[in-house]
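Trainee: I'm new to this structure and would love a close look at a single part of it. Could you walk me through one spot?

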Amino acid sequence: MFSPMGTAAFLFAIWGLLLTPGPTNTLLALSGASVGLGRSLRLMPAELAAYLLVTVPLATAGTDLLAGAPLAAVAVRLAAAGWIAYLAVRLWRLPAPGQAAGEVTLARVFTTTLLNPKALIIGLTLLPRGSEPDFLPHLALFAGSVVAVATIWAGGGALLKRGDGAPRLLYRRSAACWLAFLAAALVGAAIRA
């Protein structure tokens with residue numbers, strides 16, 4: 001049985017981290033603004049699968065593995081920065097007439113979440129170790145929180161969905177600038193490590 005106080009602190013930390021603007025949340029908001037909340041819901045299994053693919057192994061064996069490979073964290077940060085920079089460039093560029101407007105796909109959400117530094121923080125520091133009795137209940141709370149927060153971000157984007165033209169261009173360009181900032185911050189963190 002897990003302690004209610006420990007669970008409350010865990011949920012507070014998870015929600016605080018997941019609600020923070022980042023690359024996955026930016027994609028979800030853009031999807032909501034582009035296609036609405038209903039069609040954006042299809043992206044959430046990809047986000048959840050990517051988070052679980054990273055956090056579960058880290059919570060069960062990650063601390064021991066990373067202790068023996070200090071450059072691994074730097075490599076992950078640099079890979080994440082490269083992917084986020086790529087997304088920023090894709091969002092900035094306007095599609096040619098008749099082309100799709102850079103649809104947010106399952107693959108983009110999956111890859112972005114897989115490389116999201118939040119997954120490292122959750123797997124290495126927030127989730128209990130895999131051998132602890134709190135692991136499975138907290139993992140279930142984490143999974144539910146991922147879906148709930150993704151719905152909030154996609155729903156927020158859907159609220160911005162108003163017509164075409166200048167507002168959509170502004171959303172895309174703002175998101176591209178935010179992603180470029182995140183990529184630069186990750187490179188900076190990798191260099192300092």
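Which residues line the second largest cavity?

Mentor: Happy to! Keep in mind that this is a predicted model. The structure holds 2 cavities of 30 Å³ or more, and the second largest has a volume of about 30 Å³. Its lining is made up of Leu-18, Asn-25, Glu-47, Tyr-51, Lys-118, Ser-145, Val-146 and Val-149. Sorted by class, these lining residues come to 4 nonpolar, 2 polar and 2 charged.

Now let's see where the lining comes from. Helix H3 (44-67) and helix H7 each supply at least two residues. The biggest share belongs to H7, with 3 residues.

H7 is worth following a little further. This helix spans residues 135-159, and its axis comes within 6 Å of the axis of helix H2 (residues 23-40). The two axes cross at roughly 70 degrees, so H2 and H7 are roughly perpendicular to each other. On the H2 side, the contact is made by Asn-25, Leu-28, Ala-29, Gly-32, Ala-33, Gly-36, Leu-37 and Ser-40. H7 answers with Ala-150, Thr-151, Trp-153, Ala-154, Gly-155, Gly-157 and Ala-158. By class, this contact has 8 nonpolar and 7 polar residues, with no charged ones.

One residue ties the two parts of the picture together: Asn-25 is in the cavity lining and also takes part in the contact of H2 with H7. As you turn the model, Asn-25 of H2 can be your starting point for finding both.

Technical notes: Residues are numbered from 1 along each chain as its sequence is written. This is a predicted model: local features need pLDDT of at least 70, side-chain atom pairs count only at pLDDT 80 or more; totals for chains, interfaces and linings use all residues. Side-chain values use heavy atoms; hydrogens and water are left out. Axes are lines fitted to C-alpha atoms, for helices over the stretch in contact, and angles run from 0 to 180 degrees between N-to-C directions. Helices (H or I, at least four residues) and strands (E, at least two) are DSSP runs, numbered from the N terminus. Angles under 35 degrees count as roughly parallel, over 145 as roughly antiparallel, 65 to 115 as roughly perpendicular and the rest as oblique. Contact means heavy atoms within 4.5 Å. Ala, Val, Leu, Ile, Met, Phe, Trp, Tyr, Cys and Pro count as nonpolar, Asp, Glu, Lys and Arg as charged, and the others, Gly among them, as polar. On a 1 Å grid over the protein atoms alone, a cavity is a set of points where a 1.4 Å probe fits but cannot get out, and a pocket is an open set with protein on both sides within 12 Å along at least five of seven lines; lining residues have an atom within 4 Å of a point. Grid points are joined across faces, edges and corners, and a volume is the space filled by probe spheres set on the points.
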